[in-house]
Amino acid sequence: MSIDGQSVPGPGAAAQGTTVPATRRAVIVGGNRIPFARAGGAYAKSSNQDMLTAALDGLIARFGLQDERIGQVAAGAVLKHSRDFNLTREAVLGSALSAETPVYDLQQACATGLETVVGLANKIKLGQIDSAISGGVDSASDAPVVVSEGLREIILDLNRAKTLPQRLQILSRLRPKDLAPLAPGTSEPRTGLSMGEHQALTTAQWKITREAQDELALNSHRNLGAAFDSGFFDDLMTPYRGLTRDANLRADTSMEKLASLKPVFGRNLGADATMTAGNSTPLTDGASTVLLASEEWADARDLPKLAAVVDAEAAAVDFVHGKDGLLMAPVFAVPRLLARHNLTLADIDYFEIHEAFAATVLSTLAAWEDDEFGRTRLGLDGAFGSIDRSRLNVNGSSLAAGHPFAATGGRIVATLAKMLHAKGNSNGRPARGLVSVCAAGGQGVVAILESL
Amino acid sequence: MTDTYTQLVSSGPARSLAKKLGLPQPVALRRYEPGQPLVTGPVVVQGSTAGADKLAAELLSWNLDVRRHAVPAEKLGAIILVLDELEHPADLEKPVLAAAASLRDLRPGGRVITVSHPASEASSPASAAARQGVDGFLRSLAKELRAGATGNGVLLADGLPPTSPSSLGAIRFFLSGRSAFVDGQFLTVSSEHGELPGDPEKPLAGKVAVVTGAARGIGAQIARTLHRDGATLVLVDIPAAGDQLAAVANGVRATALQLDISAADAGQRILDHAVQRHGRLDIVVHNAGITRDKLLANMDQARWSSVININIAAQLRINEALLASEHFRSSPRIVSVASTSGIAGNRGQTNYAASKAGVMGMVHATAPLLAARGGTINAVAPGFIETEMTARIPFAVREVARRLNSLQQGGLPSDVAETIAFLASDAAGGINGEVLRVCGQNLVGA
């Protein structure tokens with residue numbers, strides 16, 4: 001269907017005057033990701049660009065998009081080299097897509113992947129584009145290492161100096177400590193606390209037990225393992241660098257094994273420390289992509305339509321002053337989003353709540369089940385509600401798969417779209433899914449998908 | 001994978017040295033490229049029957065330089081012996097000796113093609129003897145030809161003229177560079193079905209084809225050849241080979257289907273994908289296969305069963321689904337990859353040879369079922385092909401194996417792919433239930 005050149009549609013009804021286009025459906029055609037690897041593992045020598053290109057090429061092969069000019073591609077990475085300012089465009093140029101495909105990079109911490117889905121779906125709904133690929137990638141292995149602030153200033157001053165004496169004078173400022181490189185951290189700039197330490201505060205606040213966290217982690221591994229065994233990922237994943245499954249998956253783990261691990265976060269709580277390497281996500285490398293389209297575009301190419309992107313909501317919390325936990329923004333976003341559609345938690349068939357830490361999911365559920373929180377913080381008559389746990393992360397989530405920050409949103413959206421399509425209509429309505437992703441900086445993005 | 005010896009002896013002092021020492025002198029074969037002439041020079045049609053006249057007229061309409069008698073000292077592209085009215089072995093003499101006179105004028109990469117009827121359908125013992133005589137004659141002649149020239153035969157079911165569509169299709173295939181590594185073989189045309197393509201460069205235009213095992217080696221080359229010939233492709237391989245499969249698919253504008261063909265629902269999933277994404281399914285190439293070599297005394301259950309399951313049981317199961325489908329009814333084509341191991345046997349390959357012989361048995365028995373739908377099923381049996389798999393054979397063994405055929409070299413994946421593309425085309429519509437060897441007339445299993 002691709003044509004040579006980038007022809008402009010002839011003047012039509014829209015040319016008669018400026019009109020606001022009516023919205024239409026944005027559908028999820030499918031997705032592709034590479035297996036996620038633990039940092040320093042199979043993808044230790046792969047760059048973000050390598051991994052994103054691989055994920056794109058797998059998507060292109062699955063849906064026959066070779067030389068296709070896609071309406072727009074948006075993707076991003078959280079840990080990004082400064083040279084990768086056009087990361088996604090470079091990946092597209094290295095892929096089998098038409099080089100005439102426009103692109104933008106986006107960065108919204110761990111919500112990057114989901115936000116690209118939301119933004120591109122909105123453009124499709126508005127009629128601005130007919131097709132789109134959203135994506136995300138992260139490498140904790142190939143992370144940028146930065147020179148010290150002192151050395152950076154000296155180098156910049158040297159660049160501006162005109163004479164040799166000036167240069168020598170500037171160089172004389174150099175001290176040994178300036179030569180130590182700065183490794184990237186996941187600490188919050190305003191608190192100095194790592195994400196895990198922040199969650200440890202929230203975990204304690206909501207009195208989430210070690211056992212409950214380990215049980216959630218165990219389910220994540222078991223569910224993801226079962227999904228692989230049943231071939232669920234055969235049309236969602238393309239192998240990369242020898243990996244055919246997520247390297248972090250431990251399908252044979254047990255409550256005993258998880259219970260044997262020592263706490264790694266909140267250790268200042270002493271005996272009350274509950275967060276271990278087993279119930280926290282590890283640093284991970286990986287990439288994911290999702291193909292989005294208008295119904296007409298998908299139909300014209302005989303492509304599947306799995307689910308529609310219904311709506312999305314973002315929220316943020318004031319974690320700096322301790323009003324809410326760092327990763328609790330979705331607790332506020334979900335009630336607002338569901339209210340907009342007159343839905344309750346009981347109307348959702350599948351919940352995909354990103355497992356940054358097992359305790360993040362459990363704190364979120366605890367807040368929704370809390371009467372006082374519902375009244376004082378959410379402005380409801382009582383508790384927001386509880387969910388049917390058998391509908392939660394049924395094909396596993398980040399604790400088992402790993403969490404390459406910007407790639408998680410795409411993993412979840414493609415997985416959920418396939419599940420919704422398989423469930424299809426029941427009780428006279430389409431199957432509904434809720435995606436919830438928390439992010440650094442006290443942010444969160446949530447979305448509703450509906451089966452087609 | 002490069003055949004250094006062939007490169008070495010094709011020119012310069014090494015060439016004359018090899019000749020003096022009586023060493024094998026393989027040459028680079030004439031292989032098909034789009035735009036290339038069908039043959040390298042004039043074509044002599046030997047034979048005085050009405051069938052020979054009609055065939056000569058038909059070849060003339062292809063804009064070939066056609067002779068009914070050889071011109072002395074004129075270099076030739078091909079000699080076609082039309083032997084369609086043999087009543088007695090003595091009838092062979094005249095056309096055979098006429099051909100003999102021009103053999104030395106055959107250009108490198110030349111062709112000798114016999115056109116005759118199968119002995120099994122002969123009406124008298126003398127006629128059967130003459131017809132069977134063609135078999136021994138052609139196979140021996142093929143072994144005498146040098147410089148990349150090949151000899152092959154077309155066998156016409158009784159009642160079919162040499163100008164029936166698939167006879168022409170087979171002659172065209174044997175004349176062309178597409179049959180470079182097919183030597184000393186007969187191909188039976190059993191019906192009037194088939195038609196020559198409108199555009200000889202795109203014989204598969206408008207067709208949707210599935211290739212299994214397409215991520216690597218011969219399968220990847222089959223994909224590239226079918227794509228070049230105009231087919232729209234669905235490429236299948238196991239999920240674990242998905243990255244290589246994607247790379248092949250993106251090179252030929254195909255869709256990649258990650259699927260284990262031994263899954264119970266594989267046939268249905270292939271059909272669903274082809275029909276949903278491409279609207280139809282015309283051609284299925286069963287290429288996926290594995291080897292798990294062990295002497296039978298050391299054979300274990302896993303090695304035996306995995307080879308049988310993937311190489312033949314999966315094909316049987318997929319064919320059942322195809323034959324049950326309403327979407328596989330419009331001149332459908334199935335082409336399976338067998339092996340000369342399944343014909344001649346191979347030490348250490350009892351499981352593999354059983355599976356590949358099984359493929360040939362399946363093809364024979366499935367042919368009537370496809371004929372009922374206006375379709376065909378055939379197999380190709382590759383001999384020594386230069387692939388990653390054969391590159392792992394120890395040097396000395398490999399060097400012997402690749403020279404033990406009339407062309408004194410290994411074939412390329414493209415040689416197998418060209419043969420499959422021909423059998424999948426409309427031109428081969430009258431060829432059904434056949435096994436065509438792509439082995440350079442390998443000395444074993446003849």
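Chain A contains 14 helices and 12 strands, where helices (H or I, at least four residues) and strands (E, at least two) are DSSP runs numbered from the N terminus. The radius of gyration of chain A, taken over C-alpha atoms, is 23 Å, close to the 22 Å that the globule rule gives for 452 residues, so chain A is as compact as a globular protein of that length; the globule rule is 2.2 Å times the number of residues to the power 0.38. This is a predicted model, in which local features need pLDDT of at least 70 and side-chain atom pairs count only at pLDDT 80 or more, while totals for chains, interfaces and linings use all residues. Residues are numbered from 1 along each chain as its sequence is written, and chains are lettered from A and ligands numbered from 1 in the order in which they are written.

Along the principal axes, the C-alpha atoms of chain A fill a box of roughly 75 × 60 × 45 Å. Of its 452 residues, 52% count as buried, a term used when 20 or more other C-beta atoms lie within 10 Å of a residue's own (exposed means 12 or fewer, partly exposed in between, with C-beta atoms placed from the backbone). Two residues are in contact if their C-beta atoms, placed from the backbone, lie within 7 Å, and among contacts in chain A between residues at least 6 apart in sequence, 81% join residues at least 24 apart.

Helix 14 of chain A covers residues 408-423, and its 16 residues should span 22 Å at 1.5 Å a residue, which agrees with the 23 Å between its end C-alpha atoms; the expected span is 1.5 Å times one less than the number of residues. Because 13 of its 16 residues are buried, helix 14 of chain A is largely enclosed by the rest of the structure. After this helix comes Gly424(A), which has a positive phi near 65 degrees.

Most residues other than glycine have a negative phi. Two residues that are not glycine nevertheless have a positive value, and they are set out below.

| Residue | Phi | Place | C-beta atoms within 10 Å |
|---|---|---|---|
| Asn393(A) | about 45 degrees | loop between helix 12 (371-376) and helix 13 (398-401) of chain A | 26, buried |
| Gln441(B) | near 60 degrees | segment after strand 13 of chain B | 23, buried |

Asn342(A) lies in the loop between helix 10 (329-340) and strand 10 (350-353) of chain A, and with 7 C-beta neighbours inside 10 Å it counts as exposed. Its C-alpha atom is separated by 34 Å from that of Ala77(A), and the two residues are 265 residues apart along the chain.

In chain B, 7 strands form an open sheet with parallel pairing, in the order 9-8-7-10-11-12-13, where two strands pair if DSSP finds at least two bridges between them. At the edges are strand 9 (255-258) and strand 13 (435-438) of chain B, each of which pairs on one side only. Neighbouring strands of this sheet are turned by 20 degrees against each other on average, direction ignored; the axes are lines fitted to C-alpha atoms, for helices over the stretch in contact, and angles run from 0 to 180 degrees between N-to-C directions.

Within this sheet, strand 10 (residues 283-286) and strand 11 (residues 333-337) of chain B run parallel and are joined by 4 bridges, and His286(B) has Ser336(B) in strand 11 as its bridge partner. What are the buried residues on the two faces of strand 11 of chain B? Arg333(B), Val335(B) and Val337(B) are buried on one side, and Ile334(B) and Ser336(B) are buried on the other. Since 5 of the 5 residues are buried, strand 11 of chain B is largely enclosed by the rest of the structure.

Another open sheet in chain B is formed by 6 strands in the order 2-1-3-4-5-6, again with parallel pairing, and its edge strands are strand 2 (66-67) and strand 6 (186-189). Strand 5 (residues 150-156) and strand 6 of chain B are joined by 4 bridges, and the partner of Gly153(B) in strand 6 is Phe186(B). Helix 5 (residues 125-144) of chain B lies across strand 3 (76-83), strand 4 (106-116), strand 5 and strand 6, running at about 160 degrees to strand 5.

The contact between the chains takes 16 residues from chain A and 17 residues from chain B.
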